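Colleague: I am new to this structure and would like a close look at one part of it. Please take me through the aromatic rings.

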Amino acid sequence: METEKDKPDALIVGAGPAGLMAAEVLSGAGLSVLVAESMPSPGRKLLMAGKSGLNLTREAEGFHEAYGELAPALRTALDAFGPAEVRAWAEGLGQTLFTGSTGRVFPVVMKASPLLRAWLARLEGQGVELRRRCRFVGWEAGAVLLEDNGALQRLRPEITVLAAGGASWRRLGSDGSWAAAFRADSLAPFAPANAGLRVDWSHHMAARFGDPVKGCALLAGGERSRGEFVISARGLEGGGIYAVSRAVRGGAPLSIDLAPDLSEAEVRARLSRSRGKASLSNHLRKSLSLDPARLALLQEFGRPLPDDLAPLVKALPVRHAGLRPLDEAISTAGGLKFAALDEGLMLKDRPGTFAAGEMLDWEAPTGGYLLTACFATGRHAALAALDWRAGQATQESAVP
């Protein structure tokens, strides 16, 4: 059954952070806005991210550098809506925030649900319609095709903002199915970002599964991470690993500095001290303050241990089988190329259609960078859409 309902001024595809931000800007400007969400409820990935503490943004020097080579449109979006603006926006929704020792910004309540409830209430107050179980299918004869609870619907909004997410965490709605509607040359292949590493452990490591690894530095390519990670039955996971996953995915070898606050010479000097009757493990523990997790990694990846352990302690090579699968990754690399968009994030071959959020071809580490860019690109696309709409109206009025 096919239907076509009264068209809204703006259609937003996806009720995640980017889509909801676009809806806020457009409805705040007086447009009628319909948000189409494929899942039964909005913001599912946002809520999942908030389970361990909703890291909204990060107050850090070199904030932009975390994104690698920035496309001009992404840089413009982040310049206009960076950490300070994210803080002010969240506080405007009644959230009390705090900044951790590493510059990460969280709500005091830590959870995402209070912020999401306040945000949805604001959008409802601005007249935004949220339609659940409504999936973007593509286009036909200039109309946007939606599968709305099993019925095919054609809409012709003045503005469409696509914020359909990446291709990880299918169960939360980010399945990348939207890519089928685009030409292959406008897409960069999807790849896992912020993903754990697969490691085929020896049986000796079972006792360490679940142990956190602290006090290390991870090195891959030009990336260096002092973040913590965890030894799991499947491999290595956690923020420290995620920070170097882009370099590892690109083929860079990964190594661990087990004593990052000591030079190789200092490590060698400490290890040269007489150990008496102590075992090698006890000698390493006492001389370098290595805990059981780091000692286990040294044994796992370093055997047979050489006589001179200092180089190995400072650069322990990690044998692994690559990143965890795409659907297990926190975020996605690849997606819609910036070359297919103008600087307002409008599709060059489809005027009036804009894109935002994780479906764009960018990536960044966890730690507030992901959410900030989703907010920023959703806002940037919406503001550009308003400018485009105003320009269209001006052209029409100039026609005799």
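How many aromatic pairs does a search of the whole structure find?

Modeller: The model is predicted. Searching the whole structure gives 13 aromatic pairs. Take Phe98 and Phe106 to begin with: their rings are stacked. The centres are 5.6 Å apart, and the planes meet at 20°. Phe98 is partly exposed, because its relative accessibility is 34% and the partly exposed range runs from 20% to 50%. Phe106 has a relative accessible area of 14%, so this residue counts as buried.

Now turn to Trp139 and Phe182. Here the ring centres lie 5.5 Å apart. The planes stand at 85°, which is over the 60 degrees needed, so this pair is edge-to-face. The two residues come from distant parts of the chain, 43 residues apart. Trp139 belongs to strand 8 (residues 134-140). Phe182 sits in the loop between strand 11 (159-162) and strand 12 (187-193). Trp139 and Phe182 are both buried.

This pair is part of a wider group. Phe136, Trp139, Trp178, Phe182 and Phe190 are linked into a cluster by ring pairs.

Trp139 has a charged partner as well. Arg350 lies over the face of the Trp139 ring, 3.9 Å from the ring centre. A lysine does something similar at another tryptophan: the charged end of Lys45 sits over the ring of Trp169, at 5.7 Å from its centre.

Technical notes: Residues are numbered from 1 along each chain as its sequence is written. This is a predicted model: local features need pLDDT of at least 70, side-chain atom pairs count only at pLDDT 80 or more; totals for chains, interfaces and linings use all residues. Side-chain values use heavy atoms; hydrogens and water are left out. Rings of Phe, Tyr and Trp (its six-membered ring) pair if their centres lie within 6.5 Å; planes under 30 degrees apart count as stacked, over 60 as edge-to-face and the rest as tilted. Buried means under 20% relative accessible area, exposed over 50%, partly exposed in between (1.4 Å probe, protein chains only). Helices (H or I, at least four residues) and strands (E, at least two) are DSSP runs, numbered from the N terminus. A charge sits over a ring if NZ of Lys or CZ of Arg is within 6 Å of the ring centre and within 35 degrees of the ring normal.
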